[in-house]
Structures are given as structure tokens and as C-alpha cells.
Amino acid sequence: MARDIAWALANSDLIHDRDTLESAIARMAQPIAADFAGSVPVFLTIMHGGLPFAGRLAMEIGALGVDLAFDYLHATRYRGATSGGELTWKHRPATPLAGRRVLLADDILDEGHTLRGIVQWCRDEGAAEVRIAALAVKKHDRCVDGVCADYHGVEVPDRYVFGYGMDFQEQGRNLPAIYALTDEALRNL
Ligand SMILES: O=P(O)(O)OC[C@H]1O[C@H](OP(=O)(O)OP(=O)(O)O)[C@H](O)[C@@H]1O
Ligand code: HPA
């Protein structure tokens with residue numbers, strides 16, 4: 001059954017509020033700026049979920065004096081659902097990646113299939129280096145081998161989460177906090 005965002009919020013717990021998330025993003029920018037000092041990485045926002053995080057992270061990195069070459073991509077495997085399927089590419093970046101340092105910015109590393117496919121594609125395009133910045137990492141042991149976030153902001157529980165870019169049935173992406181649906185609500189979807 002289609003449920004609205006008000007229903008989702010009423011059946012969720014607040015996991016990380018806005019201040020916590022934005023402080024975490026500011027903290028993440030420090031090692032990123034140190035690691036990329038002296039280079040201009042291709043900064044790839046992974047749409048749609050990565051958009052709010054990537055915008056904020058880019059500003060924090062800029063404040064630390066590192067320029068970024070912006071581009072974006074869209075690869076999705078959830079398509080508004082609460083469990084993932086095959087990875088579908090909807091948009092590939094136009095910037096040539098050969099020889100470039102690449103920084104990927106996404107909202108969540110969950111099972112890792114999405115980022116694994118994206119990292120592999122960037123390498124196939126000849127990127128010199130591919131690093132991952134993820135706002136949230138979900139705590140479980142189902143992540144595919146070899147995929148981990150080089151930089152992450154917060155951990156989230158092994159529940160369906162939404163807000164700060166992440167959708168509940170394509171709603172709630174612009175909520176300025178992260179919420180987790182109760183397991184009971186997830187069963188009742
Ligand atoms: O680690 P995984 O289990 O692969 O899941 C993580 C991915 O899932 C979400 O994207 P989604 O497919 O929902 O696309 P969207 O950002 O357009 O909503 C999220 O933005 C990550 O890219
Ligand atoms: O828990 C999640 N919420 C929203 N989008 C997601 N993509 C992977 N996992 C999630």
C-alpha cells in the first residue's frame with residue numbers, strides 16, 4: 001500500500017538530527033581536504049539521494065581551500081522501494097575520468113552493490129583513484145566484499161532509513177534529519 005511521509009514519520013524514530021549531521025559533514029571535510037590538497041578531484045554526486053549531502057560537503061571542502069570539479073551520475077537499484085534490485089544507470093558523468101582523482105559522494109552505504117558498480121565503472125573509465133564519501137553507513141554484515149567508505153559521517157541502524165537525501169517511497173528526501181522506520185511499520189507497508 002502507498003503510504004505518505006506523515007505516516008512514515010509517525011512510525012519512525014529520529015536517528016540523527018540536523019546539527020549532528022552537519023557537524024559530521026564538517027568533520028568529514030577535514031581528512032578529505034588533507035588527502036586531496038594540491039589536486040582538483042572530480043567530485044561526483046550520486047543522484048538522487050547524494051544531493052543534499054554532496055552540496056554541503058562540497059562547501060565544507062571549499063572552505064578548506066580545495067577546489068572540486070563537479071559532475072554527477074545517477075545509478076539506482078531501489079527505485080523508491082525499501083529493498084534493492086539490479087543496478088540501473090540513468091545518467092553517466094560527462095567529465096572524462098582518465099587519469100583523474102575521483103571523489104564519490106553518496107547518502108548511504110548499505111549493502112554496497114551501488115557503490116561497487118559505480119567504483120568499477122570509474123576504474124574502467126581510467127580514473128587514477130576512486131574514493132568514497134558516504135554520509136551514513138548502515139550497521140550490518142551484509143555489505144559486499146571490498147566496498148567501504150573512505151570517509152563517512154554517521155552510522156545508522158539496520159533498519160530502513162530516510163531523510164537528508166534518502167527517500168521513503170520517493171518522499172522525504174528534503175527532511176533535514178535521518179529517521180528509521182520501525183520494523184513493524186516496514187512489515188505493514
Ligand atoms: O548500498 P546499496 O544497498 O547498494 O544502497 C545504497 C544506494 O541506494 C540508494 O540509492 P537508490 O537506488 O535508492 O537511488 P536514489 O538515490 O535515486 O533513491 C542510495 O542513494 C545509495 O546510492
Ligand atoms: O535504508 C535505506 N533508506 C533509503 N535508501 C536506501 N538505500 C539503501 N538503503 C536505504
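A residue is called buried if 20 or more other C-beta atoms lie within 10 Å of its own, exposed if 12 or fewer, and partly exposed in between, with C-beta atoms placed from the backbone. The structure is a predicted model, in which local features need pLDDT of at least 70 and side-chain atom pairs count only at pLDDT 80 or more, while totals for chains, interfaces and linings use all residues. Residues are numbered from 1 along each chain as its sequence is written, and chains are lettered from A and ligands numbered from 1 in the order in which they are written.

Two residues other than glycine have positive phi in the loop between strand 8 (161-162) and strand 9 (178-181); helices (H or I, at least four residues) and strands (E, at least two) are DSSP runs numbered from the N terminus. Y164 has phi near 50° and is buried, because 29 other C-beta atoms lie within 10 Å. E170, with phi near 65°, counts as exposed because it has 12 C-beta neighbours inside 10 Å. A cis peptide bond joins M47 to H48, with omega near -10°; H48 is placed in the loop between strand 2 and helix 3.

The shell around ligand 1 holds 18 residues, a residue being near a molecule if its C-beta atom, placed from the backbone, lies within 6 Å of it. The closest are G49, Y78, D110, E111 and T114. Two or more residues each come from strand 2 (42-47), strand 5 (101-109) and helix 4 (113-124), and strand 5 gives the most, with 4. By class, this shell has 5 nonpolar, 7 polar and 6 charged residues; Ala, Val, Leu, Ile, Met, Phe, Trp, Tyr, Cys and Pro count as nonpolar, Asp, Glu, Lys and Arg as charged, and the others, Gly among them, as polar. Around ligand 2 are Y78, I108, D110, Y160, V161, F162 and M166, of which 6 are nonpolar, none polar and 1 charged.

Helix 2 (residues 18-36) has 19 residues and spans 27 Å between its first and last C-alpha atoms, close to the 27 Å expected (1.5 Å times one less than the number of residues). Its buried residues are L21, I25, M28, A29, I32 and F36. An α-helix has 3.6 residues a turn, so residues three or four places apart point the same way. The buried residues of helix 2 pack against several elements, including strand 1 (12-16), helix 3 (51-63) and strand 6 (129-138). G38, which follows helix 2, has a positive phi near 85°.

The largest nonpolar core (buried Ala, Val, Leu, Ile, Met, Phe, Trp, Tyr and Cys residues joined through C-beta atoms within 7 Å) has 49 residues. Those with the most contacts inside this core are L57, V102, L104, A105, A133 and V161. Contact requires C-beta atoms, placed from the backbone, within 7 Å; beyond four places in sequence, A133 touches residues including M28, I32 and L57. V130, in strand 6, is buried, with 23 other C-beta atoms within 10 Å. Leaving aside neighbours within four places in sequence, V130 is in contact with V102, L104, V119, C122 and R123.

S12 lies in strand 1 and is buried, with 22 other C-beta atoms within 10 Å. S12 and Y179 are 167 residues apart in sequence, but their C-alpha atoms are 6.0 Å apart.

Terms used:
Contact = placed C-beta atoms within 7 Å.
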